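Biologist: I have just opened this one and don't know my way around. Can you walk me through it?
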Amino acid sequence: MKRFFVFFISFLLVFSSFGQKIESYDIVIYGGNSAGIMTAVQAKRIGKSVVVLEQLDRIGGLTSGGLGEVDHGKKSSIGGLALEYFTRIAKKYNEKEPKYKFEPKVALEVFQDYVKEYDIPVVYNELIDLKNGVEKKGNKILSIKMESGNVYKGKIFIDASYEGDLLGLSGVSYTYGREGNKMYNETNNGIRQNGYDEVPPGIDPYIVKGDKNSGLLPRINRCRGGEVGDGDKGIQAYNYRMCLTDKGSNRTMIEKPDGYNELEYEILFRAMELDMPVDRVFKLSPMPNRKTDSNNHYGISTDFNGGNQDYVHASHQLRAEIRKQHEIYQKGLVWTVQNHPRTPKKYRDYYAGWGLPKDEFVENGNWPQQIYVRECRRMIGDYVVTEHDCKRTVLVNDPVALGSYAMDSHHTQYFVNDEGFVQPEGGFYDKLKDPYPVSFRAIVPKQKECGNLIVPVCVSATHAAFGSIRMEPVFMMLGQSAATVAGMAIDGNIDVQKINYPKLKETLLKDGHVLEYNPE
């Protein structure tokens, strides 16, 4: 009977693993965005086996997802593989100097060149199991499990995702939303006073103008939610970076989407009635070959303010639904401003010629797949980057990259202000004078929590500081640094926190990183 029981259990284990793939690598990377691919390239360069697990069916994240106008800050702060990447972009256009404006398909082509050149295995549409996705022993991750059932074992794991799901499942401390200003003695954090100049003054917030009993328009809150400077869990708005063209032979006009809700655009109609400047609906930043990077512009634009507040801890299915809501809203915005009879002629004329390029995002109906997750989880490590780092009033001695872009946050919400009108809240843009160092301790967790995880995207930073760090070139540089740290930890058989920083610095400099900035 005992032998039969053992046989039966063995049969169940074999049957349950049917179709399951178990693979082992030196370095397992969750996220095939710009940080993930640069991590993989560096891992291959230092002789480590690696796999990239990409949530979508397209690599490159925002860099290949429509963000063609790169937020680079001071170009002199960009080094290593990031600088090489933008130089490779330039070569695609037969230019010599690094190029920071480009088409999505060209950005994707360069990432694909890297994957082919370094023989990097990429597994597409791999989503981590949000319930049982991490097997851990002590302070070490042993393996991660995906919704597909596939299991990936590794010596070092790197969470390069925009969402930080791997770090969240690994018992690593994290936060989200906005710290109060008092927590780190900051000025840009928490609930904001601003927003008056982002929309025309006097927009009525109620479904029926002047009638409070009719209810508030969609996504408008009754109040700010706290005192100015208080912390909350509000998430700055997401959108898709639309690539548009006015070249007729390569253009598909955006139709009224299924699920269109006219009420979502009521504040736009009322803003246009109040003579909102015509160019504020969305940007038309020019890219090569008569294309654009069309980002949010001011307070009523492509950002779906308030539509992402459940995203951080949502299931994969709910996140897909949230992304779809954003897509419907943005397509509806374009259709509305081009076609709706309530849209004044000057707005319709200004935006009339713009549609989706037929040669971009061909696998997804010419629409980008990667939503702009401007912020999600943020790790809490032994060192937390604050606005004091960004302003260089604090200078760390263990940099792994430089940041230089402004501290920048999009709005978090609309609310009814004291005058009874619509006001956006949450945005800021605090330009920095000089680049600043990002600490090595900001990309590794506390050692007691996890000794073989590195986080180059959802780094240990406050909301205010993350507003500067969250730029694609910085993610690329942090990704390359993460791979170098991983290699040193593997070679020394030590936790990532215990690597020799002077040796790391020497290696990073040899690889072309820029780690110091002299204002003179």
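Biologist: How are H3 and H11 oriented to each other?

Modeller: H3 and H11 are oblique to each other, because their angle falls in none of the named classes (under 35 degrees is roughly parallel, over 145 roughly antiparallel, 65 to 115 roughly perpendicular, and the rest oblique). Helix H3 (residues 80-92) packs on H11 at an angle of about 130 degrees, with the axes 7 Å apart. Axes are lines fitted to C-alpha atoms, for helices over the stretch in contact, and angles run from 0 to 180 degrees between N-to-C directions.

Biologist: Which residues make the contact?

Modeller: Gly 80, Leu 81, Ala 82, Tyr 85 and Phe 86 of H3 meet Pro 473, Met 476, Met 477 and Gln 480 of H11. Contact means heavy atoms within 4.5 Å. Helices (H or I, at least four residues) and strands (E, at least two) are DSSP runs, numbered from the N terminus.

Biologist: Before I go on, what sort of model is this?

Modeller: This is a predicted model, in which local features need pLDDT of at least 70 and side-chain atom pairs count only at pLDDT 80 or more, while totals for chains, interfaces and linings use all residues. Residues are numbered from 1 along each chain as its sequence is written, and side-chain values use heavy atoms, with hydrogens and water left out.

Biologist: What about H2 and H4, what angle do they pack at?

Modeller: Helix H2 (residues 34-45) and helix H4 (residues 104-117) pack at about 25 degrees, with their axes 10 Å apart. That makes H2 roughly parallel to H4. Ser 34, Ile 37, Met 38 and Val 41 in H2 meet Phe 111, Tyr 114 and Val 115 in H4.

Biologist: Switching topic. How many residues are in the largest nonpolar core?

Modeller: The largest nonpolar core has 145 residues, and Tyr 85, Ile 144 and Ile 454 have the most contacts inside it. Helix H11 (residues 472-492) gives the largest share of this core, twelve residues. Such a core is a set of buried Ala, Val, Leu, Ile, Met, Phe, Trp, Tyr and Cys residues joined through side-chain atoms within 4.5 Å. Buried means under 20% relative accessible area, exposed over 50%, and partly exposed in between (1.4 Å probe, protein chains only).

Biologist: And what is Ile 144 in contact with?

Modeller: Leaving aside neighbours within four places in sequence, the contacts of Ile 144 include Val 28, Leu 53, Ile 128, Phe 157 and Leu 166.

Biologist: Is H6 enclosed or open, and why?

Modeller: Helix H6 (residues 266-273) is largely enclosed by the rest of the structure, because seven of its eight residues are buried. Among the buried ones are Glu 266, Phe 269 and Arg 270. The cover includes strand E8 (206-208), helix H7 (316-339), helix H8 (345-351), E10, E18 and E19.

Biologist: What order do those last three strands have in the sheet?

Modeller: The open sheet of three strands runs E10-E18-E19, with mixed pairing. E10 and strand E19 (422-425) stand at the edges with a single partner strand each, so one side of each has no neighbour in the sheet. Two bridges join E10 to strand E18 (residues 413-416), and these two run parallel; strands pair if DSSP finds at least two bridges between them.

Biologist: Last one. Where is Asn 94, and is Asn 94 buried or exposed?

Modeller: Asn 94 is in the loop between H3 and H4. At 75% relative accessibility, Asn 94 counts as exposed. Its phi is near 60 degrees, a positive value in a residue other than glycine.
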